[in-house]
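Here are my notes on the model you sent. Please read them with the structure open.

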Amino acid sequence: MAATRAGPRAREIFTSLEYGPVPESHACALAWLDTQDRCLGHYVNGKWLKPEHRNSVPCQDPITGENLASCLQAQAEDVAAAVEAARMAFKGWSAHPGVVRAQHLTRLAEVIQKHQRLLWTLESLVTGRAVREVRDGDVQLAQQLLHYHAIQASTQEEALAGWEPMGVIGLILPPTFSFLEMMWRICPALAVGCTVVALVPPASPAPLLLAQLAGELGPFPGILNVLSGPASLVPILASQPGIRKVAFCGAPEEGRALRRSLAGECAELGLALGTESLLLLTDTADVDSAVEGVVDAAWSDRGPGGLRLLIQESVWDEAMRRLQERMGRLRSGRGLDGAVDMGARGAAACDLVQRFVREAQSQGAQAGDVPSERPFYPPTLVSNLPPASPCAQVEVPWPVVVASPFRTAKEALLVANGTPRGGSASVWSERLGQALELGYGLQVGTVWINAHGLRDPSVPTGGCKESGCSWHGGPDGLYEYLRPSGTPARLSCLSKNLNYDTFGLAVPSTLPAGPEIGPSPAPPYGLFVGGRFQAPGARSSRPIRDSSGNLHGYVAEGGAKDIRGAVEAAHQAFPGWAGQSPGARAALLWALAAALERRKSTLASRLERQGAELKAAEAEVELSARRLRAWGARVQAQGHTLQVAGLRGPVLRLREPLGVLAVVCPDEWPLLAFVSLLAPALAYGNTVVMVPSAACPLLALEVCQDMATVFPAGLANVVTGDRDHLTRCLALHQDVQAMWYFGSAQGSQFVEWASAGNLKPVWASRGCPRAWDQEAEGAGPELGLRVARTKALWLPMGD
Amino acid sequence: MSAHNRGTELDLSWISKIQVNHPAVLRRAEQIQARRTVKKEWQAAWLLKAVTFIDLTTLSGDDTSSNIQRLCYKAKYPIREDLLKALNMHDKGITTAAVCVYPARVCDAVKALKAAGCNIPVASAGQTHLKTRLEEIRLAVEDGATEIDVVINRSLVLTGQWEALYDEIRQFRKACGEAHLKTILATGELGTLTNVYKASMIAMMAGSDFIKTSTGKETVNATFPVAIVMLRAIRDFFWKTGNKIGFKPAGGIRSAKDSLAWLSLVKEELGDEWLKPELFRIGASTLLSDIERQIYHHVTGRYAAYHDLPMS
């Protein structure tokens, strides 16, 4: 018998049956850092970039505090170099057929597979997250993402015909994140032909390693460039002229600030903000499984943030008892230990949660003791937090669960939807009908039924409301980096001297402009609000002239009060309209189309007075009627079912209405543009507040006469008046869910700036005219994409 | 041995509202295996502990007194003495928890165990008409069995006759007398996890000292999802009555690694109080030799040859 290797402790362990350390060797991570001489730079254009005279930040093991490496901080010129490299790479990369890109992505997936141990130990070592989650979750999903998007790339020419890649994407990641967040965004961007410059916070080596793996694959070195630098570089990267889109994920306030600073700039902005999730536990749920859902959401290093937990009152005691029992068995420890549930997340995260818990306690909540031991923070359950207290309004930080009771499913929806956040939620109920009702009713991007935190490359993930409306994964993730082919490149419309405080604030006074002359019957007068024509609050009117300069008629001068009334009316009509079946909505649109055709001669003669040829005028009326019918038909084929590997059961990709949509119509095409915007908005179940063409609002008012008889009150509200003033009122309105603006560059800039208030998605034309009579621009898929929001509803199957 | 579970009155409200979500339990079962492991000394100590939970089983048609005798000896001396010495565990009296044989072989086993100089209890299993089963139990107890494993009538569960099931197990309880009753639920044949929960609860109310997953002879044996549901039922019963009921998975647990996963499953779902032979058993036949091989490797750093370890 060989020499004995056993130590002396077996006796003790035999009695106590405690867990021991299960250390994962991180020798290969250290060896990789050694290849960089423990000094990490940036990875640009397939090469390491280590400029001289840069500040450096230490990269530390969050548990031992040991210095692992120093990381150079990028400066503005490094950013410029990276963007230039990506811009050069874009020319070649986007010109290749999708199949070539698909092969490249597949090769990257294979390289990750070969070096996965290095990737997971490095990630876990530096971030402190539990290695099990990185190894079994993130690294596998990263490969699946690459494979899924390789397939999308290979079919791009057929499946995404009519779309082209945007260009260079600037990706900005928050201070604590998993490299997976980067993969979710770079995979679709690279697949469709974009190239990426990613700005990662200092001391995050895993993205650099990924960039190196991608860069060393060969022919396309500059497609993925990674810089590490401080948050102060964000505006510098975002305003680089080469950047076509900025994808930002991080804290809501930073996203808001970026939205304001990017108003009028060249780059588009996609925001993914906040980390909080929600869990709804009803009294028909399998409570033990729901408790596991809470663990998945907040206490397993899987989700990034905290959890708001709503428990039905009748199972409150039972659920709380089980939660506390389960909490007691969770293990915190070094991330590289194979048997811990929660790792450490660094001092900043600990400070944040400590502050939150102390404040919650001072506001009356129960939360147990606040531990002072660092660097770990134990799972924390907060209850009895008064609903009106400040802590109940702010985002719940990791690893806190805030539990509050509800009485009925209806109340649960009110409470759950009563926050500005709209990220993800899960519903726990064994009654199918109830689960579906809650799932459909929640205003969030992702709903899991009887599960929490499932992910798959083919399922779009995103949010609504102030969680930002950008998407990753699935078809929606691809469209984030595409634009309709042939449209002119988005240019900067930044006007430095635009004063946001005064834009559209005052309405120039209007005076009587002489008697109305002309053969036509007197045009309708008033603001069309709540289904009828109403007098404007200001009790004044503005003259409308025809093409020869004569007075055509007077329209009402709408103001802030009228906008308020119109938005209210639209909100009142919204639940009923959104609840209608697409078929019923289509029927009403068809009825309106028929009414327009009956009114054809009046409409054509009004268009004629605005300078159109009779033939062209009649064609415009006919095309408008066709648009109404076409959208009515199209909306019936929306949404579809996805199949996900490993999940028995479907994932529904729903297309839900946005809510109240504000539309400021262009001056040109006074009838066609109005109808082309109205039709998709209504077809998808939105209600609208519209500002018609400033030059000739009379045509829109003519249509209103028909809408008054065909539509239920409040579906479409039309407010005439000073365009800038009405735009200001709508853009600053917090309860308008989305806004489309077709008008001046300055107006566009203002709308983009003002949308930061409730982070409503905006679509601004920036002064570029659109060919409304062309199918692509007047009724193309771009409208269909912007007019509704996606929701992914996971329905696991099984008894 | 602890005192018997005297059971409670049948209270159907304890099971009427229960719904177990199958996919969620499957996910939990997957996770629990990935989230807890033990290495090195911890592994050796846990494995030795696992040995003390084993109901060393032989349920073959060709059982005779000679192989029963060999089995009983192995139950008394499950790990080679020198290996235990190397771990400084030779004086801990490590034996398996019990020997599990057919009723007809109870006499042989009792004799063999007496010869081996120990008092490991003996158990038996049955699967026939209720009257025969009750008679079988009485005979086995008379022959000296101290623990009785008996399988329930699955059709009562599948047709929802909970009162009848309760009465049946009550009769088992009575027939067992002083012996411990381990009720086999044959979970592979109950259809749903919700039924597993309900049957577990009824069995405990009727006075079972243990609930056991399966006879080991069905197509579906002890699985993690089923175990999670049964353990949750045990915890709920404990919360309601203060009685701790034992748990016994059986069938398909062959490797040392499996046994560690079962230990951590019980530790996670019920806690350390359940990790003792009075409340946790593993029904297995080949598991013991794999554990012995792992201990051999831990002590010597080498993998054992077949002939290095005594057969059971």
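1. The accessible surface of chain A is about 29,100 Å². Carbon and sulfur atoms account for 55% of that area. Keep in mind that this is a predicted model.

2. Burial in chain A is also worth noting. Of its 799 residues, 60% are buried.

3. On charge, chain A carries 71 positive and 76 negative charges. The mean positions of the two sets lie 1 Å apart.

4. Chain A contains 28 helices and 32 strands. Its radius of gyration is 29 Å, and the globule rule gives 28 Å for 799 residues, so chain A is as compact as a globular protein of that length. Along the principal axes, the C-alpha atoms of chain A fill a box of roughly 115 × 60 × 45 Å.

5. Now the contacts within chain A. Take those between residues at least 6 apart in sequence: 75% of them join residues at least 24 apart.

6. Which residues of the largest nonpolar core touch the most other members? They are B:Leu48, B:Ile234, B:Phe247, B:Trp262, B:Phe280, B:Ile291 and B:Ile295, in a core of 107 residues. Helix α11 of chain B, residues 224–241, gives the most to this core, with 10 residues. Another core, of 74 residues, lies apart from it. Among the members of that other core are A:Tyr43, A:Val139, A:Leu210 and A:Leu213.

7. Look at B:Phe280 in particular. Leaving out residues up to four places away in sequence, B:Phe280 touches B:Phe53, B:Phe210, B:Phe247, B:Pro249, B:Trp262, B:Leu263, B:Val266, B:Trp274 and B:Leu275. Two of these partners, B:Phe247 and B:Trp262, are also listed with B:Phe280 in point 6.

Terms used:
Residues are numbered from 1 along each chain as its sequence is written. Chains are lettered from A and ligands numbered from 1 in the order in which they are written. This is a predicted model: local features need pLDDT of at least 70, side-chain atom pairs count only at pLDDT 80 or more; totals for chains, interfaces and linings use all residues. Side-chain values use heavy atoms; hydrogens and water are left out. A nonpolar core is a set of buried Ala, Val, Leu, Ile, Met, Phe, Trp, Tyr and Cys residues joined through side-chain atoms within 4.5 Å. Buried means under 20% relative accessible area, exposed over 50%, partly exposed in between (1.4 Å probe, protein chains only). Helices (H or I, at least four residues) and strands (E, at least two) are DSSP runs, numbered from the N terminus. Contact means heavy atoms within 4.5 Å. The radius of gyration is taken over C-alpha atoms; the globule rule is 2.2 Å times the number of residues to the power 0.38. Accessible areas come from the Shrake-Rupley method with a 1.4 Å probe; for residues, only the protein chains shown count as cover. Lys and Arg count as positive and Asp and Glu as negative; His and the chain ends are not counted. The place of a charge is taken as NZ of Lys, CZ of Arg, CG of Asp or CD of Glu.
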